[in-house]
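Subject: A structure to look at

Hello,

I am handing over a structure that I have been going through, and I hope you enjoy exploring it. Please have it open while you read, as my notes follow below.

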Amino acid sequence: MTRTDPIRFAGAPRTAMVLAAGLGTRMRPLTETRPKPLVDVADRPLIDWTLDRLTETGVRRIVVNTHHHADQMRAHLDAIRPRLPAGVDLLESHEDDLLETGGGVAKALPLLGDAPFFVSNADQLLLNGPTPAAEVLARAFDPERMDALLLLVPMPYALSVGGTGDFVMDQTGRLRRRREREVAPFLYSGLQILSPALFEEAPAGKFSLNLLFDRAIERERLYGVVHDGAFVAVGTPDAVRLADRVVRGRYDRIG
């Protein structure tokens, strides 16, 4: 991160949340003594790669939720504030009890404001293609039609991830869930734009964003757009090593 002026796109959200509170159980033993977002990839903590994706598109306020080893995360946020682009506020939303993805965002809504905002997992590596990943989302987001817009990865390009995918997308970008015994072509990357309207009548306390995604599907207001760069889901020690190779240009899909 540097203090250079970020890329500006007039339609991009100016607020964002980074989900960084989880226990990182699949990442053990790396997460026994530190939070998962502070695990290094190419000599940088995972969360720093995430913050790059957000600030380069002009985000001015970023909220990070904390729980597991919160003191370490708090110290890291304090250390990197001076290196963020000028004018970017970096705030903490601490959770005494884990609230899952939906509950964590709902708790932070007073800090996020009443306009659409980015939400990003902190355990994925997104490298830009021709257009910055967050800008791809921002240019496609239409609040008149959408309560949520998810950045999707074609399954053949979802490094470190197997399985049968998450979503099917129609020609307009509208999403539905993969049906039983169906292979879906797209994986949800963990980066998205959400409207505050998505959280109307949301439950109190702990819940998953998937609950709200399903409600948006019922209203035909869940959409997707395809990522045109590299993606690694960094959920295990092996995936950390893979992400490191991708960043350093040492990954060969064939070899």
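One thing to keep in mind from the start is that this is a predicted model.

Let me begin with strand β11, residues 186-194. Nine of its nine residues are buried, so β11 is largely enclosed by the rest of the structure. On which strands does β11 border? One partner is β6, residues 117-121, which runs antiparallel to β11 and is joined to it by four bridges. If you would like a spot to zoom in on, S120 is placed opposite L191 of β11. Another partner is β8, residues 148-154, again antiparallel, with six bridges to β11. There you can look for L152, whose bridge partner in β11 is Y188.

Strand β11 also turns up in the largest pocket. This pocket has a volume of about 920 Å³, and 38 residues line it. To find its centre, look for L19, K36, T101, N121 and D123, which are the lining residues that lie nearest to it. Which element gives the largest share of the lining? That is β11, with four residues. At least two lining residues each come from α3 (100-112), β11, α5 (209-218) and β13 (230-233). Sorted by class, the pocket lining has 17 nonpolar, 14 polar and seven charged residues.

Next, the enclosed spaces. Rolling a probe the size of a water molecule over the atoms shows where empty space is left. How many cavities of 30 Å³ or more does the structure hold? There is one, and the space in this largest cavity comes to about 50 Å³. Its lining is made up of W49, T50, R53, S120, Q124, L125, L126 and L191. Two elements, α1 (46-55) and β7 (124-127), give two or more residues to that lining. You will recognise S120 and L191 in the list, as they are the residues that stand opposite each other where β6 meets β11. By class, the cavity lining counts four nonpolar, three polar and one charged residues.

I also picked out a single residue for you, A16, which sits in strand β1, residues 15-19. Is A16 buried or exposed? Its relative accessible area is 0%, so A16 is buried. Setting aside neighbours within four places in sequence, A16 is in contact with L54, V59, R61, I62, V63, L112 and F118. For a sense of distance, try R245: it lies 229 residues away from A16 along the chain, and their C-alpha atoms are separated by 28 Å.

Finally, the view of the whole chain. The protein chain has six helices and 13 strands. Its radius of gyration is 17 Å, close to the 18 Å that the globule rule gives for 255 residues, so the chain is as compact as a globular protein of that length. Along the principal axes, the C-alpha atoms fill a box of roughly 50 × 40 × 35 Å. Of the 255 residues, 52% count as buried. Among contacts with a separation of 6 or more, 77% are between residues 24 or more positions apart.

Happy exploring, and best wishes!

Conventions: Residues are numbered from 1 along each chain as its sequence is written. This is a predicted model: local features need pLDDT of at least 70, side-chain atom pairs count only at pLDDT 80 or more; totals for chains, interfaces and linings use all residues. Side-chain values use heavy atoms; hydrogens and water are left out. Buried means under 20% relative accessible area, exposed over 50%, partly exposed in between (1.4 Å probe, protein chains only). Two strands pair if DSSP finds at least two bridges between them. On a 1 Å grid over the protein atoms alone, a cavity is a set of points where a 1.4 Å probe fits but cannot get out, and a pocket is an open set with protein on both sides within 12 Å along at least five of seven lines; lining residues have an atom within 4 Å of a point. Grid points are joined across faces, edges and corners, and a volume is the space filled by probe spheres set on the points. Ala, Val, Leu, Ile, Met, Phe, Trp, Tyr, Cys and Pro count as nonpolar, Asp, Glu, Lys and Arg as charged, and the others, Gly among them, as polar. Contact means heavy atoms within 4.5 Å. The radius of gyration is taken over C-alpha atoms; the globule rule is 2.2 Å times the number of residues to the power 0.38.
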